[in-house]
Amino acid sequence: MIKSSNSALYLLSCLTVLLLLPVPSLSADPDQLQDFCVADLKASMSINGFPCKPASKVSASDFFFDLSKEGVTNTSNLNFSITSANVLTFPAVNTLGIAMNRVDYGPGGLNPPHSHPRASESGVIIKGRVLVGFVTTQNVYYSKVLKPGEIFVIPRGLVHFQKNVGKGKALAYTSFNSHLPGAVTLATTLFGSQPSMPNEVLTQAFRVEDSVINTIKSKFGS
């Protein structure tokens, strides 16, 4: 009876240790079990990726995307344009953990402060001079003006921006380690949400009067 009890305690101890150890399959994205999974964007739901199109309906064109066309930058006062190659526009990257953007900047163009909740970002400047900056969780600001051929990296989730500080147009290509990195643009999120974020929250956070918040919200249609 004692021997049986000791065996049970030993087995329970082993199971407890196993439960406390990191499980490899949960510590990173799982390996793919197929060559590709071109997204079926018409599927009724998606959970960490879209369902795969049947291989019989996949064609060579699914695996290629055009980022050669210059974006229209003069549609807003920010004077910049993003052409995205993520899973929503380029379904072949589904489940691959990659995506790219083409970012065009008119003179003075600004990709405003924002963050990517699901990805780190790297980029290369192709044309012009671009000021790239980000702020850490310790409120430390890092920045540099980059020239063609120079690259940058933005750690996942940190607030960052890019601004054209050259005399003409600028161009950059950026990449992400997610097929859908997401973007949280601070100004739009805070002052243009629907329904609108309460003024009492914003006035207290920014230490300004109610009239200031209303003025800013009016510029974002909130």
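The following paragraphs go through a predicted model, from its sheet to a surface patch and some backbone features.

The sheet is open and has five strands in the order 1-2-9-4-7, paired in the antiparallel sense. Its edges are strand 1 (80–85) and strand 7 (151–154), each of which pairs on one side only. From one strand to the next, the twist averages 20°. Within this sheet, six bridges link strand 4 (residues 121–127) to strand 9 (residues 170–176) in an antiparallel pairing. Val-124 has Tyr-173 in strand 9 as its bridge partner.

The loop between helix 1 (2–20) and strand 1 contains Phe-63. Together with Phe-36 and Phe-64, Phe-63 makes up a nonpolar surface patch with about 300 Å² of accessible area. The relative accessibility of Phe-63 is 33%, so this residue counts as partly exposed.

Asn-79 is also placed in the loop between helix 1 and strand 1. Its phi is positive, near 55°, and the residue is not glycine. Asn-79 counts as buried because its relative accessible area is 16%, under the 20% cut-off.

Another positive phi, about 70°, is found at Thr-95, which is not a glycine either. Thr-95 is in the loop between strand 1 and strand 2 (99–105). With a relative accessible area of 34%, Thr-95 is partly exposed.

The peptide bond between Gln-194 and Pro-195 is cis, with omega about -5°. Pro-195 lies in the loop between helix 2 (186–191) and helix 3 (199–206). As background to these backbone features, most residues other than glycine have a negative phi, and most peptide bonds are trans.

How values were computed: Residues are numbered from 1 along each chain as its sequence is written. This is a predicted model: local features need pLDDT of at least 70, side-chain atom pairs count only at pLDDT 80 or more; totals for chains, interfaces and linings use all residues. Side-chain values use heavy atoms; hydrogens and water are left out. Two strands pair if DSSP finds at least two bridges between them. Helices (H or I, at least four residues) and strands (E, at least two) are DSSP runs, numbered from the N terminus. Axes are lines fitted to C-alpha atoms, for helices over the stretch in contact, and angles run from 0 to 180 degrees between N-to-C directions. Patches are made of residues with over 30% relative accessible area and no salt bridge: like charges are joined within 9 Å, nonpolar side chains (Val, Leu, Ile, Met, Phe, Trp, Tyr) within 5 Å. Accessible areas come from the Shrake-Rupley method with a 1.4 Å probe; for residues, only the protein chains shown count as cover. A salt bridge is a side-chain nitrogen of Lys or Arg within 4 Å of a carboxyl oxygen of Asp or Glu. Buried means under 20% relative accessible area, exposed over 50%, partly exposed in between (1.4 Å probe, protein chains only).
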